[in-house]
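Subject: Structure for you to look at

Hello,

Here is the structure I said I would pass on. Please open it beside this note.

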Number of protein chains: 4
Amino acid sequence: MITRKRIFKIIEKAENNDIASKIFDISIIILIVLNVFAIILQSFKDIADSYYGLFRFFEIFSVIIFSIEILLRIITCDLKFPEKRWFLSFIKYSFSFMAIIDLLAILPFYLPILIPIDLRFLRVLRLTRILRILKVNRYSKSLDLIGKVLYKKKYELLVTIFITSILLLLASSMMYYLENDAQPDSFPNIIASFWWAIATLTTVGYGDVYPITILGKITSGIIALLGIGLVALPTGIISSGFMEIISEEKEKDNDYKYCPDCGRRLD
Amino acid sequence: MITRKRIFKIIEKAENNDIASKIFDISIIILIVLNVFAIILQSFKDIADSYYGLFRFFEIFSVIIFSIEILLRIITCDLKFPEKRWFLSFIKYSFSFMAIIDLLAILPFYLPILIPIDLRFLRVLRLTRILRILKVNRYSKSLDLIGKVLYKKKYELLVTIFITSILLLLASSMMYYLENDAQPDSFPNIIASFWWAIATLTTVGYGDVYPITILGKITSGIIALLGIGLVALPTGIISSGFMEIISEEKEKDNDYKYCPDCGRRLD
Amino acid sequence: MITRKRIFKIIEKAENNDIASKIFDISIIILIVLNVFAIILQSFKDIADSYYGLFRFFEIFSVIIFSIEILLRIITCDLKFPEKRWFLSFIKYSFSFMAIIDLLAILPFYLPILIPIDLRFLRVLRLTRILRILKVNRYSKSLDLIGKVLYKKKYELLVTIFITSILLLLASSMMYYLENDAQPDSFPNIIASFWWAIATLTTVGYGDVYPITILGKITSGIIALLGIGLVALPTGIISSGFMEIISEEKEKDNDYKYCPDCGRRLD
Amino acid sequence: MITRKRIFKIIEKAENNDIASKIFDISIIILIVLNVFAIILQSFKDIADSYYGLFRFFEIFSVIIFSIEILLRIITCDLKFPEKRWFLSFIKYSFSFMAIIDLLAILPFYLPILIPIDLRFLRVLRLTRILRILKVNRYSKSLDLIGKVLYKKKYELLVTIFITSILLLLASSMMYYLENDAQPDSFPNIIASFWWAIATLTTVGYGDVYPITILGKITSGIIALLGIGLVALPTGIISSGFMEIISEEKEKDNDYKYCPDCGRRLD
């Protein structure tokens, strides 16, 4: 089936001298970027009202193109996973990160047809498509490296997130008990003081909520100092992850040393 | 004594196919998580008042379960440290981190019976039990690694904390002398200007207290820039800690190199 | 052509015992530093008005010196790239970083002669010359090292910037939809909420804009926590970059190991 | 001269079983800590007024002790640098970090006798003595390591500080031109907008000064993002510094490898 194979090659990342595929890739990226600008511009009420028709037309046009692209990907998905049958490929494709991204991007258009409520907020989903750009651009090797580091260190990073969550929970509970009487509006309950805890631990410190009691300030100071550790821990983990992967790759290169006399491996 | 051994195995971290032990582990974790939710919900005054009875019942129920668990751990503590006699094991167990956590969690319930004052604040101690989850979950290997790094670098980190403390003290004293005349309310004494010093050095910067005099601003700027170093130092220490431990473990694996000719170790 | 060669040697970084060249280097740096002070002083309206003539004279004097310097560099640029013809050298020189810096520094003086509008803002360009100091000072080896690290890791750092941009875009779009109804003044459109997104992701947190809705606060909290990762990622990349370059340089030194018996290289 | 030698041994860091020297060390540290508390307490006006006599007596007592200590150090300084004559030793001692710290600590007491003006601010200098504690405590090995890392990387760190200074200067100049018209009170001149630049680049963000114009916000956003790099750079430098020193020390231990057969060094 030559045609399907050709379609597959075109919609996949372009090989070096496949001009049709490259044009396809660039067109899709341009369309994604234009969509991003459209969404930004539509957030200006005057512009959105003045050019309502144009934005609506562009949205329908984009969704049609993106829908066709998704259909083509579904039709050719068995070529991506050649060892599998079409149905199994389709299942595998459907749960791939990129397929979900693509679907989420066109969903805000089709949903209102099915459910007649205001889902303006979902429009932000159209932006998810921008993640596609990461795949096509020429920095994908570096992106892979970063991904590999994060993947290799996923347990350490998850533990860090877990410790952070517990810390946030303990801090916001303590702060609730300490500050609730003095500032019932700023710390009405533990969920509300969670907002303070995040702003403090991440050192954002908007300044809309802060302790005023002595004990509250002491607790807050300790949390802020622990926030430094919160930065230090993932940074150390990620640093060592980069170092490990780089040294692993170097080892692959000059791994084997041979004795010059007998030719046996020294390592 | 088979029964005590069985109890010990059940309350300890479950082995792979010990279903009773696994059910026990999961039940305790569910109870801990429910306690967390109960404490959060109780911080909403309406909910706390409406369901006072339910929360009280759940608290009593939890404390009974947790108390029984602690009793079982005390009874079987000599099985944890087999080389020791029961009394020595008990002493050792009593001062272990987890035993203290467990005791702290039930303390806020028993204390008011002994001391008839309002200790509502102590309720936050019930949350400490959440630290138990760290032990049981499947990320304990990564947690151990993080713990090992922090332990290995404990002196460097303590020195960093010590330097930070001195810096905070010097900064807040200077700021008191510089800003007290201009802002007697924000910098009434050195302890109060400590609050500013922490907010600045950790780069939280709530914005409730900041210098307004020229010299105060210069000092504050220098402190803020040193705050960058305060992040850089522990991060560098922790990074190198991770690298060291990882390279140590790798060395253990491929430590010995043998001469291909005579078979003797080269290292 | 001895004279041109001599001029070239003088305007280039001084060799150890070339006194004329050293005097030239130091004079230029002093002139740059004086220009910096002049610009700072001119920002005080009283001083700018009182000493208008002096500042104007100093500006004209500086621009003349800097213009002569640029002319000399253009005349001798073929000595910098000896393998090239003068015109090609000129092209290459014109697009060098330092040439652009130098031109930008005198541009704010010449532009108003051509275009008769207020370009007071461009005066800041005169400050760009300060970057020249980086070249001449004795820390240029360390600067080179830092530059090498950033250059080696440019793709990873660019990917980080790209991921950050997408994150900022998604965050500000979401925030616009979540907070626009509650705070139409703080989040009037996506571009405006971009300002919030940067302040949050970089953990600056001025506190002029912050979410007040529940969903907005949750989103903001997640963004702030991701901000920690935003610090961790480039730090890890740069750390590993330093380590790599240092270990590469060490390898160059003790790269070759010889067998003590036969004298052949073991590596 | 046994007595001077004995005095020298007592005032120097105690050896393991020199009880007199240990008592001296601990007494001095207790006196330093008490001085810190006295200064903190004196910042509370009520306490300072109520116990004026006590604080005055304690200050005189401390200064006498510290002065005697300094005298003893001066008398015995030739024992610290045995290869030198007394006068040269005295010069060398006078310019040592610890001698300056010690002098600064007693200066605020003697100065008002010479110059009859209010130098209350100088009282903060008494706190500098606290740095002595760093020398005596048992973490001095870790402190040495941190010091060694910072010393080894001093040029890189200085270049970072230099780049930061240039960045701060360019940012505050640009901000002055961009925001001066819109906010003449917040950005009256370049020195004042330097305050904003530091708060932004270090991500403190008090929120007392922030841009309101579009161009100002864009500039501020870029500065804040560069602030991330400002953290990443020294962190990476310090990380690699720790790694280098640790690996150097490890190399010293297992540097030499010998061939088991001929006994010649393999490296």
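Below are the conventions, then the contact between two chains, then the salt bridges.

This is a predicted model, in which local features need pLDDT of at least 70, side-chain atom pairs count only at pLDDT 80 or more, and totals for chains, interfaces and linings use all residues. Residues are numbered from 1 along each chain as its sequence is written, chains are lettered from A and ligands numbered from 1 in the order in which they are written, and side-chain values use heavy atoms, with hydrogens and water left out.

Chains A and C

A turn of 90 degrees with a shift of 0.0 Å along the axis lays chain A on chain C at an RMSD of 0.1 Å (least squares on the C-alpha atoms of residues with pLDDT of at least 70 in both). The two copies are thus related as by a four-fold rotation axis. They use different surfaces, since 19% of the contact residues of chain A recur in chain C. The contact (heavy atoms within 4.5 Å) takes 48 residues from chain A and 55 residues from chain C.

Between them the two chains bury about 4500 Å², 73% of it on carbon and sulfur atoms; buried area is the accessible area (1.4 Å probe) that two parts lose on being put together, summed over both. On the side of chain A that touches chain C, helix 12 of chain A gives the most, with 10 residues (helices are DSSP runs of H or I, at least four residues, numbered from the N terminus). That side divides into 30 nonpolar, 11 polar and seven charged residues (Ala, Val, Leu, Ile, Met, Phe, Trp, Tyr, Cys and Pro count as nonpolar, Asp, Glu, Lys and Arg as charged, the others, Gly among them, as polar).

Salt bridges

Across the interface of chain A and chain C there are zero salt bridges (a side-chain nitrogen of Lys or Arg within 4 Å of a carboxyl oxygen of Asp or Glu). The whole structure has 22 over all chains.

One of them joins Lys152(A) to Glu248(A), with the closest N and O atoms 2.7 Å apart. Lys152(A) lies in helix 9 and Glu248(A) in helix 12 of chain A, so this pair ties together parts that are 96 residues apart in sequence. Lys152(A) is partly exposed at 34% relative accessible area (buried is under 20%, exposed over 50%, partly exposed in between; 1.4 Å probe, protein chains only).

Lys153(A) and Glu244(A) also form a salt bridge, at 2.6 Å from N to O. Lys153(A) is buried at 4%, and Glu244(A) is buried at 10%.

Regards

Methods:
Helices (H or I, at least four residues) and strands (E, at least two) are DSSP runs, numbered from the N terminus.
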